[in-house]
Amino acid sequence: MRGYGILEGFKRSLFMMYLSQVYAWKGFFVYRLQSAIWLLYAVSYTVFSIATITVIYNVSSGIAGWSYYQMLILASVSTIAVSSIWYLISPWNLVDMMRNGKIDMTLSRPFGLVTLLLSVNGFTPQISSMLSSVLIIAFSLQYVHVSLASLLAFVALFLAGLVAAVMFVAFTTVLSYMLLRSARFANNIVNIMGSASGYPLSIFGLVGSMVFTVLLPIGLATYYPAQVLFSKVTDPLAVLACLSFSALAAVVFYKGTYWLFKGYTSGGG
Amino acid sequence: MPASSFEKYYAMALFGLKNELYYKMDFLIFLVTRLASSLIMVAIWAAVYASSHSATILGYRAPEIYAYFFLVSAITSVGWPETGDNMVQDIQGGMITSYLARPLSYPVHLLFETAPDLFFTALFLSLPLSLIAVYYWSIPLTVQSVLVFFVGLCMAVALTNAIGFVIGILALKMTNLYGVLNLAFAMLMFFGGGIVPLNMLPSWSAPIVSALPFQAVLYTPVSVLIGTMSVQAAVSNMAVGLAWLAAIFVASMAMWKAARGNISTAGG
């Protein structure tokens with residue numbers, strides 16, 4: 001019966017997330033001109049990464065071992081991953097809510113801490129950069145041979161890595177508030193992850209690769225899934241190891257967020 | 001004895017400086033992350049040059065491209081439209097009514113409030129990034145190139161804050177302008193050569209890029225400093241930027257004069 005309780009709790013959390021999205025989108029579209037500008041700005045992420053890669057491959061032979069269309073897909077996967085993080089958890093908004101005590105009322109609701117943190121302060125316009133990146137991926141897949149098995153493995157790795165990355169950002173945001181009473185640290189960490197993850201981690205050397213795998217785990221949602229997608233890594237054990245590491249990272253940061261929050265004191269109200 | 005105008009604005013500047021110094025760690029984090037972002041661009045282009053069959057790409061040697069992105073980061077560190085940011089907060093928080101009741105010019109007050117932050121950032125962020133670029137990659141300097149770079153840096157500050165002021169005036173009509181501010185900064189980055197050097201863009205974009213002011217404050221001064229553009233060409237490009245700056249300044253003053261009398265706020 002414990003499993004049934006966990007399932008019920010998960011369903012309730014999903015419903016809470018769904019309701020929060022409904023209200024977030026309704027609030028976002030109240031001011032239509034502003035929402036259009038924000039959606040346009042969010043698309044600029046996709047435009048910048050595509051423009052950079054296109055220029056690099058127009059003026060040079062690009063990055064060794066990666067074709068133009070493979071790079072477009074990697075950059076778009078990175079944009080989707082980072083945009084998903086921003087969509088679910090905005091460090092600036094969350095720290096602001098913690099500083100002025102607005103989060104206190106949210107925390108009194110009968111849902112888990114992480115469910116509440118992810119449901120109240122995301123950056124909704126990021127949906128446009130996600131959707132534009134999906135279009136780029138769909139376009140690029142015409143020029144890249146991908147097997148069904150690698151595609152399924154890619155999806156599994158991407159989702160596991162994304163959960164780990166989101167939990168990491170939640171943990172870092174709360175840590176940023178606890179230590180510095182500011183969101184700048186967490187915000188800039190996400191920006192760095194976004195800048196680096198659109199390119200193969202191998203270009204940053206062994207140390208850089210480790211940084212973006214273990215310390216800033218965005219590689220789990222971008223580079224490693226892309227390697228599997230393009231059959232650069234085919235060993236099932238390697239895929240399983242990556243999945244396991246993503247799951248472990250997600251659990252560690254999930255628990256870490258709860259542990260950090262025990263020391264939370266309201267900033268106001 | 002009543003304080004002179006300068007003493008009043010100086011007090012504002014000191015207040016702005018103290019505000020910035022409250023969160024010292026924030027500044028250090030900003031410095032580290034700017035450095036990290038620049039190093040990421042260096043790593044990307046190092047990989048491009050490593051797989052290239054030529055030592056130069058469109059006239060850029062590898063050290064010049066690395067220095068390019070460090071210098072771009074140095075200028076864009078002070079390129080955020082702070083005046084627009086502050087103005088939006090003042091209008092939406094209702095504090096603008098109290099500022100307008102004081103014997104101070106609000107635009108001048110904004111300038112003095114923003115200046116310490118810009119000076120601090122230029123001294124502790126832009127200067128180190130520029131020195132790293134120049135000395136680590138042995139960029140030969142001339143008096144003219146340094147002067148053009150410095151003028152470009154000042155124009156970047158003036159242009160982005162003038163645009164920020166215009167955007168700030170829109171806060172009287174719109175509730176959330178951070179999207180507009182971010183979009184303005186994104187345009188600076190893209191059309192100013194902050195993403196890739198402008199001569200790497202396709203030829204059809206050249207007339208658009210030349211007509212806009214952004215290349216004058218970013219791509220041009222950086223290119224002159226690293227030696228990929230002549231001073232004469234730079235002066236011609238920067239004249240376009242100056243013309244834009246003058247036009248935006250005149251327009252912003254006219255807009256402020258028209259808007260000032262219609263300000264009503266819900267906060268304060």
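## Helix packing and the A–B interface

The axes of helix α2 (residues 32-59) of chain A and helix α8 (residues 178-191) of chain B come within 9 Å and cross at roughly 25°. That makes α2(A) roughly parallel to α8(B), a label for angles under 35 degrees; over 145 is roughly antiparallel, 65 to 115 roughly perpendicular, and the rest oblique. The axes are lines fitted to C-alpha atoms, for helices over the stretch in contact, and angles run from 0 to 180 degrees between N-to-C directions. Helices are DSSP runs (H or I, at least four residues), numbered from the N terminus.

This is a predicted model: local features need pLDDT of at least 70, side-chain atom pairs count only at pLDDT 80 or more, and totals for chains, interfaces and linings use all residues. Residues are numbered from 1 along each chain as its sequence is written, and side-chain values use heavy atoms, without hydrogens and water.

The crossing of α2(A) and α8(B) is left-handed. Among the residues in contact (heavy atoms within 4.5 Å) are W38(A) and F48(A) of α2(A), and L183(B) and F190(B) of α8(B). By class, this contact has 12 nonpolar, three polar and no charged residues.

A second pair lies within chain B. Its helices are α3 (residues 62-76) and α11 (residues 219-226). Their crossing angle makes α3(B) oblique to α11(B). The crossing is right-handed. Y68(B) and L71(B) of α3(B) take part, as do V222(B) and L225(B) of α11(B), among others. This contact has 10 nonpolar, one polar and one charged residues.

| Helix pair | Axes come within | Crossing angle |
|---|---|---|
| α2(A) and α8(B) | 9 Å | roughly 25° |
| α3(B) and α11(B) | 10 Å | roughly 135° |

Now the whole interface. 33 residues of chain A are in contact with 32 residues of chain B. The buried area (accessible area, 1.4 Å probe, lost by two parts on being put together, summed over both) is about 2900 Å². Carbon and sulfur atoms give 76% of that area. In chain A, Q34(A), W38(A) and F48(A) lose the most area to chain B, together 18% of what that side buries.

What about salt bridges (a side-chain nitrogen of Lys or Arg within 4 Å of a carboxyl oxygen of Asp or Glu)? Across the interface of chain A and chain B there are zero. The whole structure has two over all chains. E8(A) and K11(A) form a salt bridge, at 3.4 Å from N to O. These residues are three apart in helix α1 (residues 2-28) of chain A, so about one helical turn separates them.

Definitions and conventions:
Chains are lettered from A and ligands numbered from 1 in the order in which they are written. Helices (H or I, at least four residues) and strands (E, at least two) are DSSP runs, numbered from the N terminus. A crossing is left-handed if the near helix is turned anticlockwise from the far one by less than a right angle, and right-handed if clockwise. Ala, Val, Leu, Ile, Met, Phe, Trp, Tyr, Cys and Pro count as nonpolar, Asp, Glu, Lys and Arg as charged, and the others, Gly among them, as polar.
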